Amino acid sequence: MYFETNSFLAHGYCMTWRTDLIALHAFSDLVIFVSYFIIPTALLYLHYKRSDLVRSRIIFLFSAFILACGLTHLIGLITLWNPVYGFEGMVKAATAVVSGLTAFASWMLMPAALKLPSAQTLKLKNDALGLSIAEQRRANAELETIKAELESRIQERTRELQGKAEALERMNASLSQYAHFASHDLQEPLRKIVSFSELAIEQDTTGDAEQKLYLEKINSSARRARTLVRSILHHAEIDQHMIDIQDLSLKAETEATLENLELAIKERQGTITTDIADIVVRADPSLVAQALQNIIGNAIKYTPADRTPRIAITASRTEGGVAYTIQDNGMGFDPALKERIFLPFARLHSGSGVDGTGMGLAIVVKALGHLGWRIAVDTVETEGTRFVITIPEDQIVSVDASGG
């Protein structure tokens, strides 16, 4: 019954079919309808391009509201000639529902809308942001300047340090060469002093005890000087030594060293115990022999005369490589002097009656340094000393713990 039109008169009858009034209403409704159609189209296009501005639900609701209002004007245009008042009522009812929902949504949207900053606030914030960006750029420019200056200083300092390192290397080479030649040249005069003083003692027929004492002191001093010169020569020769890396068994190297020291061990009736795993490393045999001979020889030499030397030698695998340990029961020394013991000419037992040049451990440190090994020392004065040589992981060829 809503679509029945015979019982009604068109709006044109109400206007007595005046052409000017009908034209005015028709034109106005048509323009309003077209406008109401274009507006939601624009809103939907804007949402399609910038969906981040407003939520989809709000855009679709407002678009439906505007379009529904436009339809009421389109129906009003039709009813000028065709009395479809039932259909018009249904369109208005639908428009009323959409309008109510839109009105409710408008107030729900109000709190968020009120929080939106004004154009002036946005301008102030934008200006502040611009100032902040400008300040940041200025700070970045200053940092770049500082960075360039630091890089220039670092390069300059690096060149300076490289120059000093090269000069120091040349100086060390010159000193080493000088020590080598000086030590070599001094050996012959000292040999003659030793030989002639011994000859003078043997051929002395005067019976003068004081003269004989002086000759013996000359001979003894010359012998010590010759030993010191030889030690200096050995120390200098390490720098000129051509490294010859080979696969070495630590067990075999230790046995060879003990064989070389066999007479000294027997003379002191020393006891040597070894617990060395079958470890093979990459190293120079000459440098290894020098290091072991000096450390073990010192362990025998610096054991008090009233004490039998007891030396324990072990070698085992560790997390960082291999630990080669030499423990003795000798004189030991003050632990506060640990840093001095490896210096050239350092003698910590000068009054002990033991002859020494103070060069043995200096030779050890230099030899181990050329190998890339490290050495540490622990001691208890009058009770003994323990040396630990650390061999790096990358120099280990093989390890067989069962061979110890």
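**Note on a surface patch and two cores**

1. Val-34 is partly exposed, with a relative accessible area of 38%. That value lies in between the limits for buried, under 20%, and exposed, over 50%. The residue Val-34 is found in helix α2. Bear in mind that this is a predicted model.

2. Val-34 belongs to a nonpolar patch on the surface. The other members of this patch are Leu-30, Phe-37, Ile-38, Leu-67 and Leu-71. Together the patch residues have about 500 Å² of accessible area.

3. Which helices supply the patch? At least two residues each come from α2 (19-49) and α3 (56-78). Helix α2 gives the largest share, with four residues.

4. Turn now to the interior. The largest nonpolar core has 38 residues. Leu-250, Ile-296, Ile-313, Tyr-324, Trp-373 and Ile-389 have the most contacts inside this core.

5. Helices and strands both build this core. The helices that each supply at least two residues include α7 (250-260), α9 (285-301) and α10 (360-371). Among the strands doing so are β3 (278-283), β4 (310-318), β5 (321-327) and β7 (384-392). Helix α9 gives the most to this core: eight residues.

6. What is Ile-296 in contact with, leaving aside its neighbours within four places in sequence? The partners are Thr-257, Leu-258, Leu-261, Ile-311, Ile-313 and Ile-326. One of them, Ile-313, is also listed among the core residues with the most contacts.

7. There is also a second, separate core, of five residues. Its members include Met-15, Ile-22, Ala-26 and Leu-80.

Methods. Residues numbered from 1 in each chain as written. Predicted model: local features only at pLDDT ≥ 70, side-chain atom pairs only at ≥ 80, totals over all residues. Heavy atoms only, no water. Patch = residues over 30% accessible without salt bridge, like charges linked within 9 Å, V, L, I, M, F, W, Y side chains within 5 Å. Areas by Shrake-Rupley, 256 points an atom, 1.4 Å probe, with all protein chains shown as cover. Salt bridge = Lys/Arg side-chain N within 4 Å of Asp/Glu carboxyl O. Buried < 20%, exposed > 50% of the residue type's maximum accessible area, 1.4 Å probe, protein only. Core = buried A, V, L, I, M, F, W, Y, C linked by side-chain atoms within 4.5 Å. Contact = heavy atoms within 4.5 Å.
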